[in-house]
Protein chains: 2
Amino acid sequence: MAAINNLKPTESELEILQILWEKGNCTVRDVHEILEKNKDAGYTTTLKLMQIMLEKGLVARDASSKTHIYRALLNQEKTQQHLVDKMIDNVFNGSAARMVMQALGNHTASKEEIDSIKKYLDGLSNQ
Amino acid sequence: MAAINNLKPTESELEILQILWEKGNCTVRDVHEILEKNKDAGYTTTLKLMQIMLEKGLVARDASSKTHIYRALLNQEKTQQHLVDKMIDNVFNGSAARMVMQALGNHTASKEEIDSIKKYLDGLSNQ
DNA sequence: ATTTGATTACGAAACAATTCGTAGATAAAG
DNA sequence: CTTTATCTACGAATTGTTTCGTAATCAAAT
């Protein structure tokens, strides 16, 4: 298997990808210890997931030493874009604006965040 | 089964919910004909899905005549909010702002949409 | 050298989602 | 009344995801 075709990681895969995106190179144990904080699953479960992700081409690994070192192959931004687009389509009937308002309406965003979004929008419309 | 506990409809279920949210009351055939436009699946597949959704309490139906009439039980806004929150958490490490910018950055939003969002944000921060 | 501990590989079970075929019921058309 | 079409119910196959137990390997510690 291979090819960076799969922009549709499963939920578990996404959890792992997020860690790899943030931390860079990780062993299975690194990833597992972070995952453990939020959910409980055995070590071999994490291992298996990462092995499957390898088969799918979502990650690559350096297997030169006994303890393998993994890194993400999927691009973070592209994946995020793809998932957001899908949600806009699936859940908000194609209206980005509706999603944005829904996201910002409910105390999810701080004043600072809102200000930074405004600045961002100003930049957008002045182009 | 019952209870409006399930805010996590599957993808197929979401497709159906969207139709019910928009159209209101629908027969299986109504739903199926709309679904067919975008995907191909047999009639009994749609039927089965809706029956499962009934068991899960996602929809209700009037079965007084031979052809049953379905309606959504899940609240559209709450479901949208839940899914957006989950995405912010799962995909954007908890930052609503990052998601919004990602959503708006890529030509997904028209000038009009962006303007309406700006107005919306002004309303928010003046509270 | 032997034991201990951590690691990978692998198969399989458990679960969930999707798809569809078939049968039986009901209504409409002839 | 009989045929035809449409509908629901249901079981089962298929596919995908998640979980974990067990065995084999290797390295470090004793």
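Colleague: Hi! Which residues have the most contacts inside the largest nonpolar core?

Modeller: Those are A:Met99 and B:Met99, in a core of 63 residues. Keep in mind that this is a predicted model.

Colleague: Noted. What does B:Met99 touch, leaving out residues up to four places away in sequence?

Modeller: From chain A, B:Met99 touches A:Val84, A:Met99 and A:Ala103. From chain B, its partners are B:Val84, B:Met87, B:Ile88 and B:Phe92.

Colleague: Is there a general background to nonpolar residues collecting like that?

Modeller: There is: in soluble globular proteins, nonpolar side chains tend to be buried together.

Colleague: Let me get my bearings in chain A. How many helices and strands does it have?

Modeller: Chain A has six helices and two strands. Going along the sequence, the pattern is α-α-α-β-β-α-α-α.

Colleague: And how much of chain A counts as buried?

Modeller: Chain A has 127 residues, and 39% of them count as buried. As for its contacts between residues at least 6 apart in sequence, 50% join residues at least 24 apart.

Colleague: Over to chain B. Which residues of helix 2 are buried there?

Modeller: In helix 2 of chain B, residues 28-38, the buried ones are B:Val28, B:Val31, B:His32 and B:Leu35. Looking down the axis of that helix, they fall within an arc of 95 degrees, so they line one face.

Colleague: Why would residues three or four places apart point the same way?

Modeller: An α-helix has 3.6 residues a turn, so residues with that spacing point the same way.

Colleague: What covers the buried residues of helix 2 in chain B?

Modeller: The cover includes helix 1 (11-23), helix 3 (43-56) and strand 2 (69-72), which belong to chain B.

Colleague: Now A:Glu13. Is it buried or exposed?

Modeller: A:Glu13 counts as buried, because its relative accessibility is 2%. You'll find A:Glu13 in helix 1 of chain A, residues 11-23.

Colleague: What are its contacts, apart from neighbours within four places in sequence?

Modeller: A:Glu13 is in contact with A:Ile52, A:Met53, A:Lys56 and A:Leu58. There is also a polar partner: a polar atom of the A:Glu13 side chain lies 2.8 Å from the backbone nitrogen of A:Thr10.

Colleague: Let's talk DNA. How many residues surround strand C, and which are the closest?

Modeller: DNA strand C is surrounded by 21 residues, the closest being A:Arg29, A:Tyr43, A:Lys66, B:Thr10 and B:Gly42. By class, that surface has four nonpolar, nine polar and eight charged residues.

Colleague: What parts of strand C lie within 4 Å of the protein?

Modeller: Sugar or phosphate accounts for 59% of those atoms of DNA strand C, and the rest belong to bases.

Colleague: Which side chains have a polar atom by a phosphate oxygen of strand C?

Modeller: Among them, A:Tyr43 has a polar side-chain atom 2.7 Å from a phosphate oxygen of DNA strand C. For A:Gln51, an N or O atom of the side chain is 3.1 Å from one. B:Ser12 also places a polar side-chain atom 3.1 Å from a phosphate oxygen of that strand. In terms of elements, helix 3 of chain A and helix 3 of chain B each supply at least two residues of the surface near DNA strand C.

Colleague: And strand D, how many residues surround it?

Modeller: DNA strand D has 23 residues around it, with A:Thr10, A:Gly42, B:Arg29, B:Tyr43 and B:Lys66 the closest. Its nearby surface has five nonpolar, nine polar and nine charged residues. Of the strand D atoms within 4 Å of the protein, 62% belong to sugar or phosphate.

Colleague: What does B:Lys48 sit by on strand D?

Modeller: An N or O atom in the B:Lys48 side chain is 3.4 Å from a base nitrogen of DNA strand D. For B:Gln51, the side-chain N or O atom is 3.0 Å from a phosphate oxygen of DNA strand D. Helix 1 and helix 3 of chain A, together with helix 2 and helix 3 of chain B, give two or more residues to the surface near DNA strand D.

Colleague: Last topic: where is B:Asn93 found?

Modeller: B:Asn93 is in the loop between helix 4 (76-91) and helix 5 (96-105) of chain B. Its phi is near 50 degrees, a positive value in a residue other than glycine. B:Asn93 is partly exposed, with a relative accessible area of 48%.

Notes: Residues are numbered from 1 along each chain as its sequence is written. Chains are lettered from A and ligands numbered from 1 in the order in which they are written. This is a predicted model: local features need pLDDT of at least 70, side-chain atom pairs count only at pLDDT 80 or more; totals for chains, interfaces and linings use all residues. Side-chain values use heavy atoms; hydrogens and water are left out. A nonpolar core is a set of buried Ala, Val, Leu, Ile, Met, Phe, Trp, Tyr and Cys residues joined through side-chain atoms within 4.5 Å. Buried means under 20% relative accessible area, exposed over 50%, partly exposed in between (1.4 Å probe, protein chains only). Contact means heavy atoms within 4.5 Å. Helices (H or I, at least four residues) and strands (E, at least two) are DSSP runs, numbered from the N terminus. The arc is that of the directions from the helix axis to the C-beta atoms. A residue is near a molecule or strand if one of its heavy atoms lies within 4 Å of it. A polar contact is a pair of N or O atoms within 3.5 Å; within protein, one must be able to donate a hydrogen and the other to accept it, and residues adjacent in sequence count only if both atoms are side-chain atoms. Ala, Val, Leu, Ile, Met, Phe, Trp, Tyr, Cys and Pro count as nonpolar, Asp, Glu, Lys and Arg as charged, and the others, Gly among them, as polar.
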